[in-house]
Amino acid sequence: MLNLRIVWNIGIFVVACLGGTQLAMAQTGSTAGQGIANTSHDARLWTFLGTESQICVMCHAPHNATSDGPLWNHAMSAVASYKLYGSSSTLATIGQPGPTSKLCLSCHDGTVAILSFGGNTGGMTLIDAAGATARSVIGQDLSNDHPIGFAYDAALVAKDPTKLKPTSTPVTIGASSTRLGTIATMLLDGGTKMECSSCHDVHNKFTVATLSGRGLVKVGTGGSALCLTCHIK
Ligand code: HEC
Ligand code: HEC
Ligand code: HEC
Ligand code: HEC
């Protein structure tokens, strides 16, 4: 059994042992909307030179942070070119993931160790820890993922009338904590760009529970409400 993570729950411990090399890395029973504590992104749940006591530290530091993101503390991926989504019906100009998505990909492309933060290097990547087929590994091939890295703006809607107008369509994100705005203000990075954070709130504050209890999604997946937030279908 891999020993990267603190085993916090005997049930999961047993599953992890029975499962051989697959590490049980599910959330620790955190609830949608209740914040980042006890989610997969809580550094305290990972053993790191003993025990880590801070929650935010895998991603942010108050000092000596990098300019890759807001007070960013995690090593960035060296992958310069991801394989992009493309299809004959795509009207958007899909580009490489934007700077905000690259923060997610610093762990989720599977090339950088999860615990490479604060100048530390080495250890397990998501691929090592979860196995290359684990769904948490987004990898370097984004052609089988919902497109990101493009402008969803008035120009796109003019070409594609099956999309709701981003600046005037109201959206409520979250459930126990909610925010009301438009597609542009609630879902689009900088008000225009489709990125990982369009659908996910990594801080688990403005999130809605999913059937599987995972996903950190801003709008629920029941009845595909999330998809129908932007798509007229
Ligand atoms: C797994 C990585 C991760 C962890 C852990 C994390 N953050 Fe963040 N944080 C991000 C990313 C990525 C962004 C930029 C994009 C976004 O907001 O989704 C961000 C943005 C922010 C911002 C600026 C934008 C905003 O939303 O206000 C603040 C402030 C912030 N985080 C505070 C915190 C605090 C406080 C904690 C711990 C309680 C924390 N974060 C834990 C990844 C993380
Ligand atoms: C510091 C590393 C790191 C960063 C940065 C990071 N993640 Fe994660 N993420 C993880 C780990 C580790 C897991 C747990 C993997 C597992 O359980 O298989 C995870 C799990 C997830 C999950 C599934 C589990 C859940 O709780 O729903 C989602 C969704 C997710 N991340 C989205 C994001 C998004 C979106 C960003 C950027 C805004 C991001 N992550 C940034 C490390 C990271
Ligand atoms: C169009 C919306 C959308 C975008 C954009 C998006 N995701 Fe997701 N993601 C989802 C949904 C929906 C789920 C599944 C939630 C569930 O289990 O019900 C999910 C699940 C995940 C999971 C968990 C897989 C699992 O079951 O363990 C991870 C990790 C993740 N996304 C990371 C990312 C990252 C990183 C990006 C950007 C590169 C991204 N997502 C962009 C909608 C999106
Ligand atoms: C924040 C808005 C938003 C959300 C949420 C969203 N999408 Fe999209 N989606 C878009 C935009 C914009 C495009 C690019 C469309 C284009 O190129 O014409 C797109 C592209 C797609 C495509 C590719 C279309 C093509 O022509 O190849 C599919 C399929 C799709 N989305 C399905 C979904 C599903 C399923 C969900 C829910 C899990 C979802 N989308 C959630 C905005 C969104």
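**Close-up views of a predicted model**

Both Asp 160 and Lys 163 are buried. They belong to a predicted model, and the legends below start with this pair before turning to the other salt bridges and the ligand sites.

**View 1. Asp 160 and Lys 163 are joined by a salt bridge.** The N to O distance between the two side chains is 2.9 Å. Neither partner is exposed, since both count as buried. This contact is one of three salt bridges found in a search of the whole structure.

**View 2. Arg 44 and Asp 42 form a salt bridge.** Their side chains meet with an N to O distance of 2.7 Å. The two partners fall into separate accessibility classes: Asp 42 is buried, at 0% relative accessibility, whereas Arg 44 is partly exposed, at 29%.

**View 3. Lys 193 and Glu 195 form a salt bridge.** The closest N and O atoms of this pair are 3.8 Å apart. Glu 195 has a relative accessibility of 2% and counts as buried. Lys 193, with a relative accessible area of 27%, is partly exposed.

**View 4. Two histidines coordinate the iron atom of ligand 1.** The protein donors are the NE2 atoms of His 60 and His 203, at 2.0 Å. His 60 sits in the loop between α1 (10–18) and α2 (99–108), and His 203 in the loop between α6 and α7, so the pair ties together parts of the chain that are 143 residues apart in sequence. Six donor atoms surround this iron atom, and the arrangement is octahedral because the angles they subtend run from 86 to 178°. For six octahedral donors, the ideal angles are 90 or 180 degrees. Both histidines are partly exposed: His 60 has a relative accessible area of 26%, and His 203 has a relative accessibility of 42%.

**View 5. The shell around ligand 1 holds 13 residues.** Those that come nearest are His 41, Cys 56, Cys 59, His 60 and His 203. By class, the shell has eight nonpolar and five polar residues, and no charged ones. The two iron-coordinating histidines also have polar side-chain atoms placed close to ligand nitrogen: for His 60, the distance from an N or O atom of the side chain to a nitrogen atom of ligand 1 is 2.7 Å, and for His 203 a polar side-chain atom is 2.8 Å from a nitrogen atom of the ligand.

**View 6. His 200 is the single protein donor to the iron atom of ligand 3.** The NE2 atom of His 200 is 2.0 Å away from the iron. His 200 is found in the loop between α6 (196–199) and α7 (225–228).

**View 7. The shell around ligand 3 holds 18 residues.** Closest to the ligand are Cys 196, Cys 199, His 200, Ser 212 and Arg 214. Helices α2 and α6 each contribute at least two residues to this shell. Its members divide into seven nonpolar, eight polar and three charged residues. Oxygen atoms of ligand 3 have polar side-chain partners in Arg 214, at 2.8 Å, in Ser 212, at 2.9 Å, and in Arg 135, at 3.2 Å.

Conventions: Residues numbered from 1 in each chain as written. Chains lettered and ligands numbered in written order. Predicted model: local features only at pLDDT ≥ 70, side-chain atom pairs only at ≥ 80, totals over all residues. Heavy atoms only, no water. Near = heavy atom within 4 Å. Polar contact = N/O pair within 3.5 Å; in protein donor to acceptor, adjacent residues only side chain to side chain. Nonpolar A, V, L, I, M, F, W, Y, C, P; charged D, E, K, R; others polar. Donors = N, O, S within 2.8 Å, 3.2 Å for Na, K, Ca; no water. Helix = DSSP H or I, 4+ residues; strand = E, 2+ residues; numbered from the N terminus. Tetrahedral: all angles 85-135°; square planar, octahedral: opposite > 155°, others 65-115°. Buried < 20%, exposed > 50% of the residue type's maximum accessible area, 1.4 Å probe, protein only. Salt bridge = Lys/Arg side-chain N within 4 Å of Asp/Glu carboxyl O.
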